[in-house]
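Biologist: Please pick one packing contact between two helices and go through it closely, rings included. Give the cut-offs as you go.

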Amino acid sequence: MANLSEDGKHTTNQTEFCINTSLGRELHLFLIVLNICLSITACTWNALILVALRKCSVRSTTKLLFCCLASTDLCVGLILQPFYLTYMMTSESLNICPLIATLIRIAGVIFCGMSLTTLTAISVERLLALLLVMRYREVVTLRRVRVLVTILWAFCVILSMLFLVSYHIAVGLVSIVMVLCLIVSAFCYTKIYIAFNRHQRRLAHNTLQGNPNKSGEETLLSTPRYKKTVSFSLLLQMALVTCYLPLAIVLALFAFTKLHSSILDFVYNIALSIVVFNSSLNPILYFWKIQEVRQAVKDTIRRVACH
């Protein structure tokens, strides 16, 4: 990015950065300021959510998955975004850009991959609660969920290590995992939605017939807490899809077409900023949709302000 002077000689009055700034220093500065703000909000809000979730009366297995998601979002603000900010503000002359880029890919796959797989696990857990009903507590135990979370962390770490072997293979596998997770989540919520519609029709029929008898599934579907948990989980899933879809498209272009240009590089960095924005968006959804979390966050802020 060195400028060419009138006499044909190259000047170096502008600093070369790891990130491509050929589209303008203003856009480069915008990305830096945006990610600093997102890093602060992700750390602060997710820390508050983790404190609040400890005081909620949500079922222990569901609470563990929600805590895992909030912890992952906290790690995005504490680890991934500082790496990314370092990448954007580092001079290319230091020759550490490839190292920082590799660290970003590894951290991104681990933490963003955990967010995606955890949300998929939440959708499966909500479907199992509907299908198993009375046997749910026997099948979905806290110990098994802990084992599942450990397996998901190990899987994401192993998947991230593939970037040390081959970039294109790693990106291809990451894209496949993303698609599979979205398909599983869509299947689970579709099944739940169909069950809700069937329940509404049966409820209307039983009311007309004067038959109040309900099956275990219908009793669960009538429970306000289950409805709130499903709607909240679906909202988290929709937010994740919205934030991750642009990056998935750009990664697919990189992996399967091997196209590279300054515009595509800038779009990639915008898409990555949208992905990390998801870590700041999730705590807002917790605060908005779960009353107990909202009250616990208010109490925590009030105590901190008093001290």
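Modeller: What follows is a description of one helix pair, then of other ring contacts and one further residue.

This is a predicted model, in which local features need pLDDT of at least 70, side-chain atom pairs count only at pLDDT 80 or more, and totals for chains, interfaces and linings use all residues. Residues are numbered from 1 along each chain as its sequence is written, and side-chain values use heavy atoms, with hydrogens and water left out.

The pair is helix H3, residues 97-132, and helix H5, residues 142-161; helices (H or I, at least four residues) are DSSP runs numbered from the N terminus. Their axes lie 8 Å apart at an angle of about 145 degrees. Axes here are lines fitted to C-alpha atoms over the stretch in contact, and angles run from 0 to 180 degrees between N-to-C directions. The crossing of H3 and H5 is right-handed, meaning that the near helix is turned clockwise from the far one by less than a right angle.

Contact means heavy atoms within 4.5 Å. On the H3 side the residues in contact include Ile106, Val109, Ile110, Phe111 and Met114; on the H5 side they include Leu148, Leu152, Trp153 and Cys156. By class, the contact of H3 with H5 has 14 nonpolar, 4 polar and no charged residues. Nonpolar covers Ala, Val, Leu, Ile, Met, Phe, Trp, Tyr, Cys and Pro, charged covers Asp, Glu, Lys and Arg, and the others, Gly among them, are polar.

The structure holds 5 aromatic pairs. Rings of Phe, Tyr and Trp (its six-membered ring) pair if their centres lie within 6.5 Å; planes under 30 degrees apart are stacked, over 60 edge-to-face and the rest tilted. The rings of Phe111 and Trp153 have centres 6.3 Å apart and planes at 80 degrees, so this pair is edge-to-face. Because Phe111 lies in helix H3 and Trp153 in helix H5, the pair ties together parts 42 residues apart in sequence. Phe111 is buried, at 8% relative accessible area, whereas Trp153 is partly exposed, at 26%. Buried means under 20%, exposed over 50% and partly exposed in between (1.4 Å probe, protein chains only).

Another pair, Phe163 and Tyr167, is tilted, at 5.9 Å centre to centre and 50 degrees between the planes. Phe163 is buried at 13%, and Tyr167 is partly exposed at 23%. Ring pairs also link Phe66, Phe232 and Tyr286 into a cluster.

Val275, in helix H9 (residues 262-289), is buried at 1% relative accessible area. Leaving aside residues up to four places away in sequence, Val275 touches Cys112, Cys243, Tyr244 and Leu247.

Definitions and conventions. Helix = DSSP H or I, 4+ residues; strand = E, 2+ residues; numbered from the N terminus.
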